[in-house]
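Reader: Please take me closely through how the helices and the sheet pack against one another. Short sentences will do.

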Amino acid sequence: MTDLRARVAKACRVLGKMELSRALRGHISARIPKTERIFIRARGPAESGVRYTTEDEVVEIGLDGKPVAGMPKGLRTPSEVFIHTEIYRARPLVNAVLHLHPPTVVLFTICGVPLLPIYGGYDPFGLGIALEEPPLFEKSVLINTPELGRELTAAIGTKRACLMRGHGITTAADSVEEASVIALGLNELATMNYQARLLGTPRPISEADREGLRPAMERLTVCGARPGEPGDPVVTEWRYYCRLTGETDT
């Protein structure tokens, strides 16, 4: 369990350094195996922000959103904890949930501009996210009630990512690392779409090219590795971002 708490804290730091969230806002969580509890980044006057998250700022709570033990002084459960708890309730196979505020993605939600599948070999993983057509949650409010959490859960459905109008993104995955890599791929997709529009009119890649890239898009294991083990493409991708941001990759 200590390792899982550390992984949540590290994911927060990596994505903070990659500027996927503004200032203090955002949180990542992980389901504690074989329990009805999760680890989640806390908020409050004692926090240092996503980019500087420590293990002490990752707290244990139940799926009711309440702390399992005492909360460290100066910290509290995030007001949007229901983003996490309601997704976990609805999707038993999801083991990690991420909610951050990448500015470029938020701009697309504000303007109602779609994220087009404009590249292929540049980033087949990102192309896969684009072709999933992440849904848009239309409300810009804080997801601070179970009811709103259920509305967001219905919006994301069985997909890996959801855009939130004038707010941010939510991703849901098998691991903290996978949820983070999805968010990074989504942010790169938005960045390239934005820059392409500065040059001209972006063109989605052809259907034939999409089909030709499908094997590369699928999240296949290598050499029989299981998800999360060496050989899993997510592990390799995540190692790169850890080293890029100066975080240890072990």
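Author: Two helices count as roughly perpendicular when the angle between them is 65 to 115 degrees. The model is predicted.

Start with α4, residues 124-131, and α7, residues 207-217. Their axes lie 9 Å apart, and the packing angle is about 110°. That puts α4 and α7 roughly perpendicular to each other, because the angle falls between 65 and 115 degrees. The crossing of α4 past α7 is left-handed. On the α4 side, the contact uses Pro-124, Leu-127, Gly-128 and Leu-131. On the α7 side, Arg-210, Leu-213, Ala-216 and Met-217 meet them. By class, that contact holds six nonpolar residues, one polar and one charged.

Now the sheet. Seven strands make an open sheet, and the pairing is mixed. The order runs β3-β2-β1-β4-β7-β6-β5. β3 and β5, the latter at 136-137, are the edge strands, each pairing on one side only.

Take the β3 edge. This strand spans residues 58-62 and is mostly covered, with five of its five residues buried. In a regular strand, side chains alternate between the two faces of the sheet. In β3, Val-58, Glu-60 and Gly-62 point one way. Val-59 and Ile-61 point the other way. Both sets are buried, Glu-60 included. The partner of β3 is β2, residues 37-41. The two strands run antiparallel and share five bridges. One of the bridge pairs sets Arg-41 against Val-58 of β3.

Further in, β1 pairs with β4. β1 covers residues 27-31, and β4 covers residues 96-100. Four bridges join these antiparallel strands. Ala-30 faces Ala-96 of β4. Helix α2, residues 81-90, packs on the sheet and touches β1, β2, β3, β4, β6 and β7. Its direction makes about 150° with that of β4.

Another helix on the sheet is α6. It lies across β1, β4, β6 and β7. Its run is at about 140° to β7.

α6 also packs against other helices. One of them is α8. α6 spans residues 176-199, and α8 spans residues 233-244. Their axes are 10 Å apart, at an angle of about 70°. α6 and α8 are therefore roughly perpendicular to each other. α6 passes α8 with a left-handed crossing. From α6 come Glu-177, Glu-178, Ser-180, Val-181 and Leu-184. From α8 come Val-234, Glu-237, Trp-238 and Tyr-241. Sorted by class, the contact has five nonpolar residues, one polar and three charged.

The other helix to look at is α3, residues 103-111. The axes of α3 and α6 come within 8 Å and cross at roughly 65°. This crossing is left-handed. α3 brings Thr-104, Val-105 and Phe-108 to the contact. α6 brings Leu-186, Asn-187, Ala-190, Thr-191, Asn-193, Tyr-194 and Arg-197. The classes here are five nonpolar, four polar and one charged.

To recap α6: it lies across β1, β4, β6 and β7. It passes α8 in a left-handed crossing, and its crossing with α3 is left-handed.

Notes. Residues numbered from 1 in each chain as written. Predicted model: local features only at pLDDT ≥ 70, side-chain atom pairs only at ≥ 80, totals over all residues. Heavy atoms only, no water. Axes fitted to C-alpha atoms, helices over the stretch in contact; angles between N-to-C directions. Parallel < 35°, antiparallel > 145°, perpendicular 65-115°, else oblique. Left-handed = near helix turned anticlockwise from the far one by under 90°. Contact = heavy atoms within 4.5 Å. Nonpolar A, V, L, I, M, F, W, Y, C, P; charged D, E, K, R; others polar. Buried < 20%, exposed > 50% of the residue type's maximum accessible area, 1.4 Å probe, protein only. Pairing = 2+ DSSP bridges.
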